[in-house]
Amino acid sequence: MDHLRLILLLFLFLPTCFSFTFQTPSINEFTNQSSSLRQQILELANSPSTVKWIKRIRREIHEHPELANEEFRTSALIRRELDQLGVAYHWPVAGTGVVAKLGSGSPPFVALRADMDALPIQERVDWEHKSKVDGKMHACAHDAHVAMLLGAAKILQEMKDMLQTTVVLIFQPAEEKGTGAREMIREKVLEDVGAILGLHLVAEYETGVVASRPGEFLAGCGGFKAKISGKRGLSGVSQDCYDPVLAASTSVISLQTIVSREVDPLDSQVLSVAMINAGYAHDIIPDSATFGGTFRAFSKKSFYGLRKRIEEVIKGQAEVHRCYAEVEFLGNEHPTIPPTTNDVRIYELAHQVSSKIVGEDNIEFAPLFTGSEDFAFYLEKVPGTFLLLGTRNDKRGSTYTAHSPYFFIDEDVLPIGAAIHAAFALSYHS
């Protein structure tokens, strides 16, 4: 009898000789672990010392706003706090950026991102920590984003024994310029990263409300500038001229028909011409005319299709009027930002994590927004999701939307944002 038959007989006639035990955690065990993790995160985030610390950081950054690619003081503050926390980091990245890592040091890698730059706006809010720099203000909550991500670093560092991931903290410059994320990606900040989370404070929702949606979320945004060249001459003998003003005028009108006549009305797109310039005298047809504007769409197909049609229409109208057109889309002045599209799987994880922190009643399914975010560049490279976190509080004056000189946040949101970041990182391995 060969060995195979012997083994089969043993299994058939001597089953009691073999005992296989698989230890699988029960649903109750998983629930208890999740509840314990949530409790620890919330206790750390809401401890008086942590709340005071996060507020201090946010206020210091708010008092000293720095524009895109000028975030030297902000970057130094971040490094100072990371040093005190004992968190290793790399600097400089993309000029003023900072990238920190903590956790297991091995896969999986999960990234959390905060932007750092301010806006060229004069703050009109009178409070103790008002901007001390004329003409500059943190009117888009980037000061709070940095403070919340540092808060998450503090929580994660205190819970590092529980981390089964490597957490990459991305402090990014130049979001308002639309170039920061691309520069960070070029410096390989997403190397080995399996998922990324971004978070933005907004006054559209009450403090502590988290809003997002799977798939298409924020519009892609592009800027364009066109120059139509013709033939200069006296307006009284226009037959000898090639009129770039007329060509530009018909181009602007024709551009409006793209959205109104070529686009599915259920596929939201925006095309606006906001600038036009030509000539210097009322009786001289100039040799050129320039105009420009922006375009937005929610899907990549629609976005790049709209961009293609803008160029076709302008060049076509210029040719009709015997002129020549040049259309520019790229460049640092008017960068093209793709649509922000959330990965469904990562969105679900962020949804679950956020509901544990703020409660299911404070989770909203967000509508599509025509605003844009250069976080979209990260989402083109790795799966991730972008969340909106409400900071609206009528009693505290937190009612104005971003980019307003009266923009003001409810600082009660700071530990909430820190907790969501930390909880996402701690839950990602599952």
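Helices and strands here are DSSP runs, numbered from the N terminus, and the model they come from is predicted. With that in hand, let's work through some exercises.

**Exercise 1. Place asparagine 393 and work out whether it is buried or exposed.**

Step 1: find the spot. Asparagine 393 sits in the loop between S16 and H11.

Step 2: check the accessibility. Buried means under 20% relative accessible area. Asparagine 393 comes in at 19%, so it counts as buried.

Step 3: look for partners. Skipping neighbours within four places in sequence, asparagine 393 is in contact with Thr207, Ser398, Thr399 and Asp410. With aspartate 410 there is also a polar contact between the side chains, at 3.0 Å.

**Exercise 2. Take the residues in the UniProt "binding site" annotation and find out how they sit in space.**

Step 1: list them. The UniProt record, an unreviewed entry, puts Cys140, His142, Glu176, His200 and His403 under "binding site". They are spread over 264 residues of sequence, yet they cluster in space, with a largest C-alpha distance of 13.2 Å.

Step 2: zoom in on glutamate 176. You'll find glutamate 176 in the loop between strand S4 (166–172) and helix H6 (180–186). Its relative accessibility is 25%, so glutamate 176 counts as partly exposed. Leaving out neighbours within four places in sequence, the contacts of glutamate 176 include Cys140, His142 and His403, and the annotation covers those residues too. The side chains of glutamate 176 and histidine 142 make a polar contact at 3.5 Å.

Step 3: do the same for histidine 403. This one lies in the loop between strand S16 (384–392) and helix H11 (413–427). With a relative accessible area of 41%, histidine 403 is partly exposed. Beyond four places in sequence, histidine 403 touches Leu119, Ile121, Ala139, Cys140 and Glu176.

**Exercise 3. Check the length of helix H8, then work out which side of H8 is buried.**

Step 1: compare spans. Helix H8 runs over residues 300–320, and at 1.5 Å a residue its 21 residues should span 30 Å. The end C-alpha atoms are 30 Å apart, so the two agree.

Step 2: pick out the buried residues. In H8 these are Ser302, Phe303, Leu306, Ile310, Val313, Ile314, Gln317 and Ala318. They cover an arc of only 130° around the axis, so they fall on the same side of H8.

Step 3: see what lies on either side. The cover over the buried residues of H8 includes helix H7 (244–262) and strands S8 (220–229), S10 (269–278), S12 (288–297) and S13 (324–328). Turn to the face away from the buried side and you meet exposed Lys301, Lys308 and Glu319.

Step 4: look just past the end. Arginine 322 follows H8 and has a positive phi, near 60°.

**Exercise 4. Describe helix H9 and what sits at each end of H9.**

Step 1: check the span. H9 (residues 344–358) has 15 residues, which should span 21 Å at 1.5 Å a residue; the end C-alpha atoms are 21 Å apart, so that fits.

Step 2: list the buried residues. For H9 they are Ile346, Tyr347, Leu349, Ala350, Val353, Ser354, Ser355, Ile357 and Val358.

Step 3: inspect the ends. The N-terminal end of H9 is capped by aspartate 343, with a side-chain oxygen 3.1 Å from the backbone nitrogen of arginine 345. After H9 comes glycine 359, whose phi is positive, near 90°.

**Exercise 5. Find out how many residues of H11 are buried, and what that says about the helix.**

Step 1: get the length. H11 has 15 residues and reaches 21 Å from its first C-alpha to its last, close to the expected 21 Å.

Step 2: count. In H11, 15 of the 15 residues are buried, so the helix is largely enclosed by the rest of the structure.

Step 3: relate one residue to another part of the chain. Alanine 419 is 375 residues from leucine 44 in sequence, but their C-alpha atoms are 8.4 Å apart. Leucine 44 belongs to helix H2 (residues 27–45).

**Exercise 6. Work out how the protein divides into domains and how far apart their centres are.**

Step 1: get the bounds. Domain 1 takes in 36–218 + 339–427, and domain 2 takes in 220–328.

Step 2: get the separation. Taken over C-alpha atoms, the centres of domain 1 and domain 2 are 39 Å apart. The contact between them takes 10 residues from domain 1 and nine residues from domain 2.

Definitions and conventions: Residues numbered from 1 in each chain as written. Predicted model: local features only at pLDDT ≥ 70, side-chain atom pairs only at ≥ 80, totals over all residues. Heavy atoms only, no water. UniProt positions renumbered as here; feature names shortened; annotations may be inferred. Helix = DSSP H or I, 4+ residues; strand = E, 2+ residues; numbered from the N terminus. Buried < 20%, exposed > 50% of the residue type's maximum accessible area, 1.4 Å probe, protein only. Contact = heavy atoms within 4.5 Å. Polar contact = N/O pair within 3.5 Å; in protein donor to acceptor, adjacent residues only side chain to side chain. Expected span 1.5 Å × (residues − 1). Arc of directions from axis to C-beta. Domains from an automatic or database assignment.
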